[in-house]
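Thanks for sharing this one. Here are my notes, set out as numbered points so that you can check each against the coordinates.

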Amino acid sequence: RLTSGSPSPVMLYGETGTGKEMFAQSIHNHGPRHASRFIGINCTAIPENLLEGLLFGTSKGAFTGAVNKPGIFEQAHGGTLFLDEVDSMPLNLQAKLLRFLQERKIRRVGGSTDINIDVKIISSVSTNPQQALQDGQIRMDLFYRLAVVFIPIPPLRELINGVEALTRHFIYKYNLVLGKSVIGVSEKVLDIFRRYHWPGNVRELEHLIEGTMNVIE
């Protein structure tokens, strides 16, 4: 909640499935930008040749078939932009992102004018940042700009009461979604949950709860 009211960039670090986007959404919801847009993009899911145009927009004539189209930065103006797996972003795009963080302006692909953008940046990495820096996956100057506030998210197996609390949360959530009235899980099941390693973290637990609630009466 403390970082929600700040315009400073936030970086989340946690294993895959630990709920980094949920944390990012929570930061947005508790901040002064909560009434504006929250847009998330997974930098690993977009081909490199499309990512620049998707982020920064395109200008007509930039390449064959290009049209004037706002990018995600423009769409998120006034709100929050979540860059998931930012360490997978190509280094040339990292340089453009660094320029934005320094000047708060973007330029569309093929464009000749700068566009002022007001957006809070939340990013995430799923590999150790120091290792990513050492391997050259992320620019050091960009890291220090993005990680003004650095929040490590522990894996589910390390959360003492996390499994029980999240189990209650997901049961409540899918009772509403599926029209069920499940009260909870047995102590025997909870004991299994506590001893399980959860390699898929929170995402795996949610998948298990949703799947089970679909097939029970």
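The points below go from the whole chain to the sheet, then to one histidine and one helix.

1. A word on the source: this is a predicted model, so please read each point as a description of that prediction. The chain has nine helices and seven strands. Its C-alpha trace spans about 65 × 40 × 35 Å along the principal axes.

2. On burial and surface, 41% of the 217 residues in the chain are buried. The chain exposes about 11900 Å², with carbon and sulfur atoms supplying 54% of that area. Looking at contacts between residues at least 6 apart in sequence, 72% join residues at least 24 apart.

3. Now the sheet. Five strands form an open sheet with the order 2-3-6-1-7, and the pairing is parallel. Its edges are strand 2 (38-42) and strand 7 (149-152), each of which pairs on one side only. From one strand to the next, the twist averages 15°.

4. Strand 1 is a good place to trace the pairing. Strand 1 covers residues 10-13 and runs parallel to strand 7, with four bridges joining the two. Here Leu 12 has Ile 151 of strand 7 as its bridge partner. Four bridges also join strand 1 to strand 6, again in parallel, and in this pair Tyr 13 has Val 125 of strand 6 as its bridge partner.

5. Strand 6 deserves its own point. How many of the residues in strand 6 (residues 120-125) are buried? Six of its six residues are, and the strand is mostly covered. Lys 120, Ile 122 and Ser 124 point one way, while Ile 121, Ser 123 and Val 125 point the other way; all are buried. I would draw your eye to Lys 120 and the two serines, Ser 124 and Ser 123, which are listed among these buried residues. Strand 6 also pairs with strand 3 (residues 80-84) in the parallel sense, over four bridges. In that pairing, Leu 83 stands opposite Ser 123.

6. Next, a histidine to look at. Is His 28, in helix 1 (residues 20-29), buried or exposed? Its relative accessibility is 4%, so His 28 counts as buried, the cut-off being under 20%. A polar atom of the His 28 side chain lies 3.1 Å from the backbone oxygen of Ser 36. Leaving aside residues up to four places away in sequence, His 28 touches Arg 33, His 34, Ser 36, Arg 37, Phe 38 and Thr 80. Two of these contacts lead back to the sheet: Phe 38 belongs to strand 2 (38-42), and Thr 80 to strand 3 (residues 80-84).

7. Lastly, helix 7. Helix 7 (residues 162-178) has 17 residues and reaches 23 Å from its first C-alpha to its last, close to the 24 Å expected at 1.5 Å a residue. Which of its residues are buried? They are Gly 162, Val 163, Leu 166, Thr 167, Phe 170, Ile 171, Tyr 174 and Asn 175. The cover over the buried residues of helix 7 includes helix 8 (187-195) and helix 9 (201-215). Just after helix 7, Gly 179 takes a positive phi of about 70°.

Note on methods
Residues are numbered from 1 along each chain as its sequence is written. This is a predicted model: local features need pLDDT of at least 70, side-chain atom pairs count only at pLDDT 80 or more; totals for chains, interfaces and linings use all residues. Side-chain values use heavy atoms; hydrogens and water are left out. Two strands pair if DSSP finds at least two bridges between them. Axes are lines fitted to C-alpha atoms, for helices over the stretch in contact, and angles run from 0 to 180 degrees between N-to-C directions. Buried means under 20% relative accessible area, exposed over 50%, partly exposed in between (1.4 Å probe, protein chains only). A polar contact is a pair of N or O atoms within 3.5 Å; within protein, one must be able to donate a hydrogen and the other to accept it, and residues adjacent in sequence count only if both atoms are side-chain atoms. Contact means heavy atoms within 4.5 Å. Accessible areas come from the Shrake-Rupley method with a 1.4 Å probe; for residues, only the protein chains shown count as cover. The expected span of a helix is 1.5 Å times one less than its number of residues.
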